[in-house]
Amino acid sequence: MGIEILSQSAGVLDVAAIKQHIRVEYDDEDTIIEGMADAAVGWFENRCNISIAHTHYALTVNAFPHEGNRSIRLPRPPSITVGQITYADPEGEEQTLPAEAYRLDATVRPGRVIPLRPWPATTDEPGRIRIQYEAGFTSANDLPPLLRQGLYLLVGHWYENRAATADREAKQVPFALDSIVERFRYPEIA
């Protein structure tokens, strides 16, 4: 299984809200703060195996599951929509699965694609099934408040500590960032 980012939005967090949180009243460092915000989003996404920025993915799998639980889990929740599913039929020709043949179950995390009829036959070649889907949030207002707070904490930390080393001892607020990360972390889907 492999996952590819086809496109991703930037600027999920509102710079004005971050500036209010970190008590910056001037505009001279807006570009720096925006860069830190985008980096914080990426840090959380990688640490928690989630999508914060609205992202279009292509998931490649080797075979449709025909036994037991026949659903296909979509990495990097929360899932929003499934765009299309393409596969190679037994003759090796690329086919597009009709949208009425499956549905997205976004009520669970990670989301999953559930077949509404048996999955089609495919070639035995690995990586010939491709699922395009969208995941993440469309704006900062859609983020869970606790996740948004964690992003603000991280940007604030980076804003105050811009170098890899410090002249003073840095102290971590107990349970702050780590507890937020643990709340939103999902195991990586193999």
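This is a short guided tour of one protein chain, moving from the whole model to single strands and helices.

Before selecting anything, note that the model is predicted, so that local features need pLDDT of at least 70 and side-chain atom pairs count only at pLDDT 80 or more, while totals for chains, interfaces and linings use all residues. Residues are numbered from 1 along each chain as its sequence is written, and side-chain values use heavy atoms, with hydrogens and water left out.

**The whole chain**

Start with the C-alpha trace, which spans about 65 × 30 × 30 Å along its principal axes. Colour the chain by secondary structure, and you should find 4 helices and 8 strands, where helices (H or I, at least four residues) and strands (E, at least two) are DSSP runs numbered from the N terminus. Followed along the sequence, they give the pattern β-α-α-β-β-β-β-β-β-β-α-α. Of the 190 residues in the chain, 41% are buried, a word that here stands for under 20% relative accessible area, with exposed meaning over 50% and partly exposed in between (1.4 Å probe, protein chains only).

**Strand β2 and its partners**

Next select residues 55-61, which form strand β2, a mostly covered strand in which 5 of the 7 residues are buried. Add residues 2-8, strand β1, which runs antiparallel to β2 and is joined to it by 6 bridges; two strands count as paired if DSSP finds at least two bridges between them. Within this pairing, I5 stands opposite Y57 in β2. Then add residues 129-135, strand β8, which is joined to β2 by 7 bridges and also runs antiparallel to β2, with L59 standing opposite I131 in β8.

**The open sheet of three strands**

Now turn to an open sheet of 3 strands, whose order is β3-β7-β6 and whose pairing is antiparallel. Its edge strands are β3 (72-73) and β6 (102-105), each of which pairs on one side only. Select residues 112-115 to show β7, which pairs with β6 over 4 bridges, and look for L104, whose bridge partner in β7 is V113.

**Two crossing helices**

Finally, select helix α1 (residues 15-22) and helix α2 (residues 30-48), whose axes come within 10 Å and cross at roughly 95°. These axes are lines fitted to C-alpha atoms over the stretch in contact, and angles run from 0 to 180 degrees between N-to-C directions. The crossing makes α1 roughly perpendicular to α2, a label given to angles of 65 to 115 degrees. Show the side chains of V15, I18, K19 and I22 in α1, which meet D30, I33, E34 and A37 in α2, contact being heavy atoms within 4.5 Å.

Note on methods
Angles under 35 degrees count as roughly parallel, over 145 as roughly antiparallel, 65 to 115 as roughly perpendicular and the rest as oblique.
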